[in-house]
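Biologist: Let us go through this model by question and answer. Please keep each reply short and end it on what was asked.

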Amino acid sequence: MIQKQEEHKPEFEYLTEQFDDIRILRYQVPAFESLTLREKIFVYYLSEAALAGRDILWDQNNCYNLQIRRLLERIIREYKGDRNTAEFQELLVYAKKVFFANGIHHHYSMDKFLPAFSRAYFRDILIEMGIPEVFEDLERVMFDPDYMAKRVVLDEGKDLIRASANHYYVNVTQAEVEAFYRSPAVPEECPVSRGLNSTLVKENGELKELVWKVGGKYSAELSRVVGWLEKAIPYACNERQQNVIRLLIDYYKTGNLKLFDEYSIEWLQEVEAPIDFINGFIEVYGDPLAYKASWESVVEIVDREAGERTRKLAENALWFEQQAPIDERFKKTEVKGVVARVMQVAMLGGDCHPATPIGINLPNAEWIRERYGSKSVTLDNITCAYDQAARDSGGLDEFAASEEEIRLAREYGSLGSSVHTDLHECLGHGSGKMLPGITTEALRNYYSTIEEARADLFALYYIMDPKLVELGILPSADVARAEYNSYIRNGLMVQLTRVKLGDRLEESHMRNRQTIAAWVYEKGKDRGVIERLEKDGKTFFVIRDFETLRTLFGDLLAEVQRIKSEGDYEAARRLIETYGVNIDRRLHEEVLKRYERLGIVPYAGFINPVYTPVEENGQIVDVRIAYPADFLTQMMEYAGY
Ligand code: ZN
């Protein structure tokens, strides 16, 4: 008998570099390896389509973006002068920040970047390259802090369209935009998303839409996207998916928003294919009035193993509902499995790259959601990459109380947080019911925090249930212990690193996590369930009794479910205001100092993998995947798209 050799696999490096407030990570696509050739070719064509629309987004973000990007690319390629000076290094950092943000404004804060090199240096470079005239074109937009200062302005009292530096509108005021897109007095049955795919301009006193379509604005880019989509059609996973792609192409060719809705409905109903994608003008965060959508694309592959987990949970949904530690009056008697699709990202493009979401729920049109529902996609390998990078950054070692806690986290932390998410999304939100006559509006501003707490508590209660080991979802209760440790650590300490000293918690997920962690800490205090200790001036929270902690999560779930089912506003207010809003200033200060010493920065984004077709006699016989490790190199390669 031949013994299988132990393969030595070098560990994948998730974090590749850090500059300014940005970390650059990589993600892996293990699911790609087990695809058939046909499926791999499909992924390849969709990935090319995902990259082909990149310039659209750059132009949407600001009218100078493409000019500045091309100049930076040219300097990086051709500059013959000394590259080892501090100023040239500052120019590289500026370029990387611009590449990362798809433009000259920060992707999150929306504030314009100011170069750390001088105007004089910039002018010298341009003279050396023989293009001195460019200085005059770009001096103001690059160096004047007050000119085009913010991409999206949301301050009340300003003309938001005039004040925002995006490029969705030309020469129009907020009042003109609002009048132009005002909804008709008689509500339509299937209203299209007005203004979604056009630039609104005023020429000779007249307002008109430049529609983004083949033959219209962004024609060159959209033609390339369409070209790749056409190649992809014969490789689609099923007929319905072929139809999805055809509808998208027709929409890109006509700009007809009715076709976009048809495409969206067909897309959300296609849930069988092992490969899925998003490609289009989707999210409206870049427009202060939320009419215009930025171009984005994601290509994803089903994560079969994770899909197996959610399938088992969905099959047993009624069992979980019946066993829940909540009042019988608030239980559902029939549960429809809500299956969110667990996917691995294969390619990110447009507004999803380099910064990316970890989950997507589309379409956005409210009437389609009400009538046809929506499709929810969890991007598992992105979450995993974040987890791994966090583990490697030293954050775990800093805030975990013992070697044992670190060991559990390294071994089971990723699985624990994935299963927590599965339970939260697939079962938690869908469980329980309201008493007759009660609506979610009763809880007003506390609703989303209560709802997130309910789903989290459902997950925390059940992740420790022997049923999960029995179903083969977890190998042992150690996974649940790792998740409990992580939840308490995060809820009481780590998440405070995202809040400024002196501020209160505002965001509902953060409020929910602190509410839960602080509540169980206090209620278990006299039984020593969670111990607070200090070592060398550092605070730690150690779970001493996991079983009792689980019971406490159950008790709070019962109360939070009661609050929701009865619409008890006063109890919701008291619970959240007592536990989830205020921050212990001394602890906050300590946590921020410990975090700062680690040098971890707040934002992260990704380098994409590269797919290379292998051809023989004009036929693709294989598609290879590679994981490049240098951000700037990838950005320079994308210059050619
Ligand atoms: Zn949730």
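Biologist: Which side chain of opposite charge is nearest to the buried E270, and how far away is it?

Modeller: Before that, this is a predicted model, where local features need pLDDT of at least 70, side-chain atom pairs count only at pLDDT 80 or more, and totals for chains, interfaces and linings use all residues. Residues are numbered from 1 along each chain as its sequence is written, and side-chain values use heavy atoms, with hydrogens and water left out. E270 is buried (under 20% relative accessible area; exposed is over 50%, partly exposed in between; 1.4 Å probe, protein chains only) and has no salt bridge (a side-chain nitrogen of Lys or Arg within 4 Å of a carboxyl oxygen of Asp or Glu). With Lys and Arg counted as positive, Asp and Glu as negative, and His and the chain ends not counted, the nearest side chain of opposite charge is K375, at 4.6 Å.

Biologist: Which backbone nitrogen lies 2.9 Å from a polar atom of the E270 side chain?

Modeller: E270 sits in the loop between α12 (257–269) and β6 (275–281); helices (H or I, at least four residues) and strands (E, at least two) are DSSP runs numbered from the N terminus. Contacts of E270 (heavy atoms within 4.5 Å), not counting residues up to four places away in sequence, are N238, R240, Q241, D276 and K375. The backbone nitrogen 2.9 Å from a polar atom of its side chain belongs to E272.

Biologist: Which residues touch the most other members of the largest nonpolar core?

Modeller: A nonpolar core is a set of buried Ala, Val, Leu, Ile, Met, Phe, Trp, Tyr and Cys residues joined through side-chain atoms within 4.5 Å. The largest has 128 residues. A second, separate core has 69 residues, including F320 and M464. In the largest core, the residues that touch the most other members are Y252 and Y611.

Biologist: How many disulfides does a search of the whole structure find?

Modeller: A disulfide requires a pair of cysteine sulfur atoms within 2.5 Å. C352 is buried, at 2% relative accessibility, and its sulfur is 19 Å from the closest cysteine sulfur, in C384, so that pair is too far for a bond. Over the whole structure, the number of disulfides found is zero.

Biologist: What distance separates the C-alpha atoms of R391 and R410?

Modeller: R391 lies in helix α16 (residues 380–392) and counts as buried at 12% relative accessibility. R391 touches R410, among other residues. The two are 19 residues apart along the chain, and their C-alpha atoms are separated by 7.5 Å.

Biologist: In the salt bridge of E328 with K331, how far apart are the closest N and O atoms?

Modeller: A search of the whole structure finds 41 salt bridges. In this one, E328 is exposed, with a relative accessible area of 58%, whereas K331 is buried, at 6%. The closest N and O atoms are apart by 3.0 Å.

Biologist: How many residues apart in sequence are the parts that E398 and R594 tie together?

Modeller: E398 forms a salt bridge with R594, with the closest N and O atoms 2.7 Å apart. Both residues are buried. E398 lies in helix α17 (residues 395–399) and R594 in helix α25 (residues 585–598), so the separation in sequence of the parts they tie together is 196 residues.

Methods. Polar contact = N/O pair within 3.5 Å; in protein donor to acceptor, adjacent residues only side chain to side chain.
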